[in-house]
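The exercises below are meant to be worked with the sequence and the coordinates side by side. Try each task before reading the solution that follows.

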Amino acid sequence: MNYTSFITNVLQETSEIASDKFGKVTGFTKGDDNNQVLTEADLEIGKLIVEKIQKEYPAYNIIDEEAGTVDNGSDFTWVVDPIDGTSNFANGVPTYGIMLGLLERNLPISGGVSLPYFKEIYIAEKGKGSYCNGRKILVANEKKLSSSLIAYGIDGHQENPSLTYEEIKILGEIVLKCRNLRSSNSVFDLMTVVNGGYGGFLNKISKIWDNVAPQILIEEAGGLYTDFFGELIDYTNPLQKVAQNFTCCAASPVLHKQLQAIIHR
């Protein structure tokens, strides 16, 4: 089944909402760890996406970051992140995006991401390649990590600072081996890997909705998308994994191998 038109239309409509509200956020709430931020735009966009899915694909399951889950007993599950990089969005920083991915059982088969500020919509479907605004795109063909920009998303562990210090050691090794480090800590970084601007992206703290759409885009652009330590990501029984932490290492195959060598060393 072709999901491209549906995903494209949803992302176009929700991008208009996000663009209209960007820079106009008058208040937002923070989660207990102060890393999680929620705005009215998250709720409005999430509600609209869920409504469109239920109208077009009423038998499919849904996971939405804000609304929770809809279990229809289907093999297909839509995974929605209304605004990824909400802290950026709420503070008037343009590196945020909207994500919509589709799992068939435990495999990503289609997905899309919009970067509203940049007027870019990324679309991918299994076996059909990745596209940005209709143009086919590929991950970087650079062979050397030392010549590549690498993005790394990192959050502090105020509840256990030692975890942050340990992660900083790995980050330091990567910084010393790559050309330079970048970080918006949002899907903007992943899309810059998809279009070849960055050589790779890593993150040790995320949720299922942060991964499904970017994974199919990275893979269809010729890259590898694994957990932080190079293992396949397990989406089995996705409705049961809403609270689970996911990690990520996304890069071209040759750079992914070099990043994994640093991590495992």
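A disulfide is a pair of cysteine sulfur atoms within 2.5 Å. Keep in mind that this is a predicted model.

**Exercise 1.** Determine how many disulfides the structure holds, and examine Cys 132 and Cys 249.

*Solution.* Begin with Cys 132, whose sulfur lies 19 Å from the closest cysteine sulfur, that of Cys 248, and is therefore too far away for a bond. Its relative accessibility is 6%, so Cys 132 counts as buried. Turn next to Cys 249, which is in no disulfide, the nearest cysteine sulfur being that of Cys 248 at 6.8 Å. With a relative accessibility of 0%, Cys 249 also counts as buried. The structure holds zero disulfides.

**Exercise 2.** Check whether the end-to-end distance of helix 1 agrees with its number of residues, and find what covers its buried residues.

*Solution.* Helix 1 runs over residues 4–21, and at 1.5 Å a residue its 18 residues should span 26 Å; the end C-alpha atoms are 26 Å apart, which agrees. Its buried residues include Phe 6, Val 10, Leu 11 and Ile 17. Among the elements that cover the buried residues are helix 2 (40–56) and strand 5 (76–84). After the helix comes Gly 23, with a positive phi near 80°.

**Exercise 3.** Is strand 5 enclosed or open, and which strands pair with it?

*Solution.* Nine of the nine residues of strand 5 are buried, so this strand is largely enclosed by the rest of the structure. Strand 3 (residues 61–64) pairs with strand 5 in the parallel sense over four bridges, and Asn 61 has Thr 77 as its bridge partner. Strand 6 pairs with strand 5 in the antiparallel sense over seven bridges, with Val 80 opposite Leu 100.

Technical notes
Residues numbered from 1 in each chain as written. Predicted model: local features only at pLDDT ≥ 70, side-chain atom pairs only at ≥ 80, totals over all residues. Heavy atoms only, no water. Helix = DSSP H or I, 4+ residues; strand = E, 2+ residues; numbered from the N terminus. Expected span 1.5 Å × (residues − 1). Buried < 20%, exposed > 50% of the residue type's maximum accessible area, 1.4 Å probe, protein only. Contact = heavy atoms within 4.5 Å. Pairing = 2+ DSSP bridges.
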